[in-house]
Amino acid sequence: MNQQTVLVTGATSGIGLMIANKLHENGFKVFGTGRHPDKHKVPFELLPLDVNSDESIKKCIELLLAKTQVLDVLINNAGSSLGGPIEETPVEQARKLFETNFWGVVKVTKAILPLMREQRSGKIITTGSLSGLIGAPIIGYYSASKHALEGFFKSLRLEVKQFNIKVSVIEPAFYKTNIGTAGERVAATIPDYDLIRKRATDFVGESIASAPTPEPVAELILKIVNTKEPKYSYPIGKNSKFLPTLQFLSPGMFESGYLKKLKL
Ligand SMILES: NC(=O)c1ccc[n+]([C@@H]2O[C@H](COP(=O)([O-])OP(=O)(O)OC[C@H]3O[C@@H](n4cnc5c(N)ncnc54)[C@H](OP(=O)(O)O)[C@@H]3O)[C@@H](O)[C@H]2O)c1
């Protein structure tokens, strides 16, 4: 039986819950996190964590280290969304998203690094997004937060390879989870954006509603955890390889195709 120890942030729903369940079923010692662990019944241990709070991160890692001396895998999965055109979005609202999607991930990673560096082993796997590889309307700040993660982890990978710490990012396309309903929407204030806001919001909503459940993402994480030398990037889901390649090789075709899809 595999006795590796794993921490999965945001393990109360969606992708994180499926990852944590999958690893638990496969014999890993799983610690998940959520902001209100008492509200959830799961077969693995849930620790309280709000990645927007430095105090909460500190307490969570202290609690974790009181329960285990070793952490083999950190899975940075907690994240949120924000929908709305860039010009309409108040900077404070965008900053809040970055607190969760970027700084929260940075802070948890930095809190775990001393242990992994001392162990001279570990894997850090982060749930990025296809939106971290391409741009798209009404999810500009979400996309920016996920692009920021790419730069951060590509750099970290090179810094900590010498300590036998393996850094990877998965880049899922749409999967059916609570992300659309749990995330925030920007108040509509500029009528010029009415059409693109509606078309793009409908497109994202319909794409999540018709997407598969994130079982393949959990399978992918299991594969990465069991791989000795994982790659950096793991795009997964519909068009997750095609769209970044198209945007890179033929930006004009990417743009006209995207806008055509939104009937714009
Ligand atoms: N679904 C997709 O199509 C898709 C595609 C690409 C990437 N992703 C990424 O996948 C990850 C998981 O999202 P999901 O789709 O599974 O959505 P979800 O069902 O809404 O799950 C989000 C998870 O993050 C946790 N979370 C949210 N804010 C938090 C905070 N401030 N501190 C700590 N935990 C927090 C939630 O826990 P509590 O609310 O219990 O605290 C929950 O467990 C995110 O990073 C998201 O960007 C999703």
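This passage describes the overall fold, the central strand E6 and the ligand shell of a predicted model.

The protein chain contains nine helices and nine strands. Its radius of gyration is 18 Å, close to the 18 Å that the globule rule gives for 264 residues, so the chain is as compact as a globular protein of that length. Along the principal axes, the C-alpha atoms fill a box of roughly 55 × 40 × 30 Å. Buried residues account for 38% of the 264 residues. Contacts often span long stretches of sequence. Among those between residues at least 6 apart, 73% join residues at least 24 apart.

Strand E6 covers residues 122–127. Six of its six residues are buried, so the strand is largely enclosed by the rest of the structure. A residue counts as buried here if 20 or more other C-beta atoms lie within 10 Å of its own. In a regular strand the side chains alternate between the two faces of the sheet. In E6, both faces are covered. Gly 122, Ile 124 and Thr 126 are buried on one side. Lys 123, Ile 125 and Thr 127 are buried on the other. The buried set thus includes a lysine, Lys 123, alongside Ile 125 and Thr 127 on that side.

E6 pairs with two strands, E4 and E7. Strand E4, residues 73–76, runs parallel to E6 and is joined to it by four bridges. Strand E7, residues 165–172, also pairs with E6 in the parallel sense, over six bridges. Ile 125 takes part in both pairings: its partner in E4 is Ile 75, and its partner in E7 is Ser 168. The connection from E6 to E7 involves helix H4, residues 140–160. Together, E6, H4 and E7 make a right-handed β-α-β unit.

The ligand is surrounded by 30 residues. Of these, Gly 10, Gly 14, Arg 35, Gly 79 and Thr 177 come nearest. By class, the shell has 11 nonpolar, 17 polar and two charged residues. Two helices, H1 (residues 14–25) and H5 (residues 179–182), each supply at least two residues of the shell. H1 gives the most, with three residues.

Technical notes: Residues are numbered from 1 along each chain as its sequence is written. This is a predicted model: local features need pLDDT of at least 70, side-chain atom pairs count only at pLDDT 80 or more; totals for chains, interfaces and linings use all residues. A residue is buried if 20 or more other C-beta atoms lie within 10 Å of its own, exposed if 12 or fewer, and partly exposed in between; C-beta atoms are placed from the backbone. Two strands pair if DSSP finds at least two bridges between them. A crossover is right-handed if, with the strands pointing away from the viewer, the path from the first strand over the helix to the second runs clockwise. A residue is near a molecule or strand if its C-beta atom, placed from the backbone, lies within 6 Å of it. Ala, Val, Leu, Ile, Met, Phe, Trp, Tyr, Cys and Pro count as nonpolar, Asp, Glu, Lys and Arg as charged, and the others, Gly among them, as polar. The radius of gyration is taken over C-alpha atoms; the globule rule is 2.2 Å times the number of residues to the power 0.38. Two residues are in contact if their C-beta atoms, placed from the backbone, lie within 7 Å.
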